[in-house]
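Here are my notes for you on this one, written as numbered points. Have the structure open while you read, and look up each residue as it comes along.

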Amino acid sequence: MALFAPCVFPLLKSTSDPSLPYSLFSSKKGVNLGFQKLKTRRLHRDTRTKAVDFTMFSQIPVIGDLIASALSGGIALSMLRLWEETAKRGVFDQKTNRKLVHISIGLVFMLCWPMFSSGHQGAILAALIPGLNIIKMLLLGLGIWKDDATVKSMSRFGDHRELLKGPLYYALTITYACAVYWRYSPISIGLICNLCAGDGLADIVGRRFGKQKLPYNRNKSFAGSIAMATAGFVASIGFLHYFSLFGYIQVSSKVVLGFLFMSLAAALVESHPLSSELDDNLTVPLTSVLVGSLVI
């Protein structure tokens, strides 16, 4: 937990965003009243006494973002090293270890988003972390770079060419969600949660409890699909509340309902035989973005 302590630092910057008074204290008709603005100013003064902006460690905000990149990149790398060690020692079977990587990396990285400054600069510098992983997957998948531990922890059968499919799509998805939608959009939350928590738990639960197969795909089970929809939805709600604590996004019934539709649609598409042919790390994110854009 100590690793995530820096995540509290950006509270000042996020709450000092000029747009936040209109999102945090707006009336039902969308009109801000005078006392609401006064309440906002008091909130800002209270916040200054309780938190320190992460970028205030440097007079230049970009330096603070570079520090945030180093910290969040180090956390993500530590997670990868952990799963590489479990793969080496055979703590879990190959498929389970791979799915644990799949579940944890994206979610842990998203926990670190509040460390970055607001605006495009923070989004782009944060996106560089999974962006570098795209290059790594290409080098490993093409056989240019040899790293047996990484290949074993991320592939189904230990073939380095597998990294050019699922793991590469995974890195592309996280980079896209970070650079394009960032922490202010419910779509980025639903996208990553359905990909990581949803798709990851679907495989683990399906292999253990998936005796009842789906009529249209004998390789998928009711248990796995239900687990995917549930995990993606619950994780999305959790991150929605997490980002709302920093004032990045508002909790509303519309967003919650949108997450439900996104998770159900992602689970349905993941269970279709087409996802096995193309790769669910590609079809699940595409479905989440499409449905999220329509319903949220």
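The points below start with the whole chain and then go to single places in it.

1. Before anything else, keep in mind that this is a predicted model. The chain has 13 helices and two strands, so expect to meet helix names a lot below.

2. Now the overall numbers. The chain has 296 residues, and buried ones make up 52% of them. About 14700 Å² of the chain is exposed, with carbon and sulfur atoms supplying 67% of that area. Take the contacts between residues at least 6 apart in sequence: 71% of these join residues at least 24 apart.

3. Have a look at M228, which is found in helix α10. Is it buried or exposed? M228 counts as buried, because its relative accessibility is 1% and the cut-off for buried is under 20%. Leaving out residues up to four places away in sequence, M228 touches N194, G198, D199, A202, A266, A267, E270 and V284. You can also check M228 against L268: they are 40 residues apart in sequence, yet 9.4 Å apart in space, C-alpha to C-alpha.

4. Next, the rings. How many aromatic pairs does the structure hold? There are 13 of them. One is Y176 with Y181, an edge-to-face pair with 5.6 Å centre to centre and 80 degrees between the planes. The two partners differ in how covered they are: Y176 is partly exposed at 39% relative accessible area, while Y181 counts as buried at 18%.

5. Compare that with F239 and F243. Their ring centres are 6.2 Å apart and their planes sit at 40 degrees, so this pair is called tilted. Both of these residues are buried. Why are they separated by about one helical turn? Because F239 and F243 are four residues apart in helix α10, which covers residues 222-244.

6. F239 and F243 also belong to a bigger group, so to speak: ring pairs link F109, W113, F116, W182, Y184, F239, Y242, F243, F246 and Y248 into a cluster. Y248 has another neighbour to look for, since R183 lies over the face of Y248, at 4.2 Å from the ring centre.

7. W182 from that cluster deserves a second look. You'll find W182 in the loop between α8 (166-181) and α9 (186-209), and it is buried, with a relative accessible area of 4%. Its phi is positive, about 60 degrees, although W182 is not a glycine. As background, most residues other than glycine have a negative phi.

8. D279 also has a positive phi without being a glycine, with a value near 125 degrees. This residue lies in the loop between α12 (273-278) and α13 (280-295). At 10% relative accessibility, D279 counts as buried.

9. Finally, go to the outside. Which residues form a nonpolar patch on the surface? They are L132, I135, L138, L139, L142, I144 and W145, with about 680 Å² of accessible area together. W145 lies in the loop between α6 (120-141) and α7 (148-154). Why does W145 count as partly exposed? Its relative accessibility is 39%, and partly exposed covers what falls between the buried cut-off, under 20%, and the exposed one, over 50%.

How values were computed: Residues are numbered from 1 along each chain as its sequence is written. This is a predicted model: local features need pLDDT of at least 70, side-chain atom pairs count only at pLDDT 80 or more; totals for chains, interfaces and linings use all residues. Side-chain values use heavy atoms; hydrogens and water are left out. Patches are made of residues with over 30% relative accessible area and no salt bridge: like charges are joined within 9 Å, nonpolar side chains (Val, Leu, Ile, Met, Phe, Trp, Tyr) within 5 Å. Accessible areas come from the Shrake-Rupley method with a 1.4 Å probe; for residues, only the protein chains shown count as cover. A salt bridge is a side-chain nitrogen of Lys or Arg within 4 Å of a carboxyl oxygen of Asp or Glu. Buried means under 20% relative accessible area, exposed over 50%, partly exposed in between (1.4 Å probe, protein chains only). Rings of Phe, Tyr and Trp (its six-membered ring) pair if their centres lie within 6.5 Å; planes under 30 degrees apart count as stacked, over 60 as edge-to-face and the rest as tilted. A charge sits over a ring if NZ of Lys or CZ of Arg is within 6 Å of the ring centre and within 35 degrees of the ring normal. Contact means heavy atoms within 4.5 Å.
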